[in-house]
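Colleague: I would like to go through this model and ask how each label is justified. Please give the value and the rule behind it.

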Amino acid sequence: MTNLEKYNQAFIDNFNVSADKLSGLQYQGTELWDSVGHMTLVAALEDAFNIMMETDDIIDFSSYEKGKEILSTKYNVKF
Amino acid sequence: MFDLLEYKDNDAVVTDDGRHVSYAALNADAEKIAEKLSSECLVFCLCRNSYASLAGYVGFLNKHIPLALLDSAKDPSMIKRLIERYNPSYLWMPAEMKLNAGEAVLDFDEYVLVRTAYSRFPINPDLLLLLTTSGSTGSPKLVRISEKNLLSNAKSIVDYLGIGSGERAVTSLPMHYSYGMSVINSHLLKGATLLLTDKPVIQKPFWEFVRAERATSIAGVPYTYEMLRRLRFMDMNLPDLKTMTQAGGKLKAEIAKEFIQKAKEHGKKFIVMYGQTEASPRMSYLPFDWALEKYSSIGIPIPGGRMFIADSNGTEIENPLIDGDLVYEGPNVCMGYAESKDDLMKGDENHGRLLTGDIAHKDADGFFYITGRKKRFVKVWGNRCNLDALEQLVKNITTECACVGVDDKITIFVTETGLETRIKEYLCDKTGFNLRAFDVSVLDRIPTKDSGKIDYQQLQRSI
């Protein structure tokens, strides 16, 4: 799986959304992306990329696009 | 209720868009909103953590206008059902909510005061506040609370938390929720400042607000602290934040201990508390000096309250370490419940005594420990949910079913396949809980005991 596929899969599995809904998806933009869902998403991404996210990055992770930016600039995940 | 002018120059409110409101200005706004209403009018206050919502709440309380606090984010059909049942004369609500319930008679910020078609009706003069029975099953049952209940509880909280005018509490809980409301009451009573926000604890703008406005305290339910732990909250640089309070269910003992330890290291306090909406809402707290030693305890009764363990006859068990029913007595115990508008005329049915439904014991030092529950209910993100009532709801879809659960997760066992999504969506709609709160599991048959009753213990063991 490519990094993008892994990244997308974490959203699809956690929020029960289809791939075509990911672009532009924001925190609280779908029912399951609430505060509890946010923490399970972060845990899934940490597992998938074998990283440990900083607090500031977890709370700054406000959308599908923002998460990609954080992972690529701070955790060296290449998309 | 509140003597706002005593603190007229203090900041009562700072909002997350930078607005500062003094106690004098809050008093003027609150009076303006409540001006048209009389004490025989029931008001529904559809809440959010904004200044307009708060100013209306304070205005109605101070003019002794009976009001119900409801979540403005709830499904409008649920609110409409409550309106039809309780016939409020006025609604205080966000203007963008389209309820078509009447005519707007006052605009204030983003809120409107709506006059409904319902005329006023007799309401017990002691009744001041109605609260939902914590997110249960969409039931229209409300808790009836008097001014004495509210005021005595707010004063007790002020007392044991040592709240003074210098406190700056961030509203990390919604104001329609009894715990969130108690944070507001106890701070307004002492001229302290409320940092009003609806922003989620898990997102950056919340923490920017906390830092910029130097919040001194934060309140959370168990899952809030589970998240904060994951965020390594105790390592965040928040020198002004001195007090963390926790209520709304039992935080895992190890997590409580960890927060207590870290709080001690950082010169902060972590206060475990226990309550129910029916107690307006606080009943006990764990004094921080004892917290590490007794980290799994719910502490001691609040000032003015008494707690004891009773046997099955209701007689007090004096000896420590024996489990029994946890009973609370105090001036904050609610008047009773309402299930219809006629019930709003009822007087005090509890006479200061509340059977909590929790099983507990006390230790030799008089600290209480909850060990179980008498009724079948779980707490879902701080809200009580009755499993029997939930089961009745599921029966509308399929009759062969049984609900069991642990806090924050309810499992519904059914024998029919293919209903998972339908059951979950139905329960979300009825309870207002997130989809994540429910699991549906299919069995060949629902296990029963020899008596023919559902064997919940066996089901509980299987989850």
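Modeller: This is a predicted model. We can begin inside chain B, where 16 residues of domain 1 are in contact with 18 residues of domain 2.

Colleague: What makes two residues count as being in contact?

Modeller: Their C-beta atoms, placed from the backbone, must lie within 7 Å. By class, the side of domain 1 of chain B that touches domain 2 of chain B has four nonpolar, nine polar and three charged residues.

Colleague: Where do the two domains of chain B lie in the sequence, and what separates their centres?

Modeller: Domain 1 of chain B covers 4–369 and domain 2 covers 377–462. Taken over C-alpha atoms, their centres are separated by 29 Å.

Colleague: Why are α4(B) and α5(B) called roughly perpendicular?

Modeller: Helix α4 of chain B (residues 147–161) and helix α5 of chain B (residues 178–188) have axes that cross at roughly 75°. Angles of 65 to 115 degrees count as roughly perpendicular, and therefore α4(B) and α5(B) get that label. Their axes come within 9 Å.

Colleague: Which residues meet there?

Modeller: From α4(B), B:Leu150, B:Asn153, B:Ala154, B:Ile157 and B:Val158 meet B:Ser182, B:Asn185 and B:Ser186 of α5(B). Sorted by class, this contact has four nonpolar, four polar and no charged residues.

Colleague: How many residues of chain B are in contact with chain A?

Modeller: On chain B there are 15, in contact with 14 residues of chain A. The elements of chain B that give two or more residues to this side are α6 (204–212) and α7 (222–230). α7(B) gives the most, with three residues. By class, the side of chain B that touches chain A has nine nonpolar, two polar and four charged residues.

Colleague: What elements does chain A have?

Modeller: Chain A has four helices and zero strands, in the order α-α-α-α from the N terminus on.

Colleague: Why is chain A called as compact as a globular protein of its length?

Modeller: Its radius of gyration is 11 Å, and the globule rule gives 12 Å for 79 residues; the two values are close, so chain A earns that description. The C-alpha trace of chain A spans about 30 × 25 × 20 Å along its principal axes.

Colleague: What share of chain A counts as buried, and what makes a residue buried?

Modeller: Of the 79 residues of chain A, 25% count as buried. A buried residue has 20 or more other C-beta atoms within 10 Å of its own.

Definitions and conventions:
Residues are numbered from 1 along each chain as its sequence is written. Chains are lettered from A and ligands numbered from 1 in the order in which they are written. This is a predicted model: local features need pLDDT of at least 70, side-chain atom pairs count only at pLDDT 80 or more; totals for chains, interfaces and linings use all residues. Axes are lines fitted to C-alpha atoms, for helices over the stretch in contact, and angles run from 0 to 180 degrees between N-to-C directions. Angles under 35 degrees count as roughly parallel, over 145 as roughly antiparallel, 65 to 115 as roughly perpendicular and the rest as oblique. Ala, Val, Leu, Ile, Met, Phe, Trp, Tyr, Cys and Pro count as nonpolar, Asp, Glu, Lys and Arg as charged, and the others, Gly among them, as polar. Domain bounds come from an automatic or database domain assignment. The radius of gyration is taken over C-alpha atoms; the globule rule is 2.2 Å times the number of residues to the power 0.38. A residue is buried if 20 or more other C-beta atoms lie within 10 Å of its own, exposed if 12 or fewer, and partly exposed in between; C-beta atoms are placed from the backbone.
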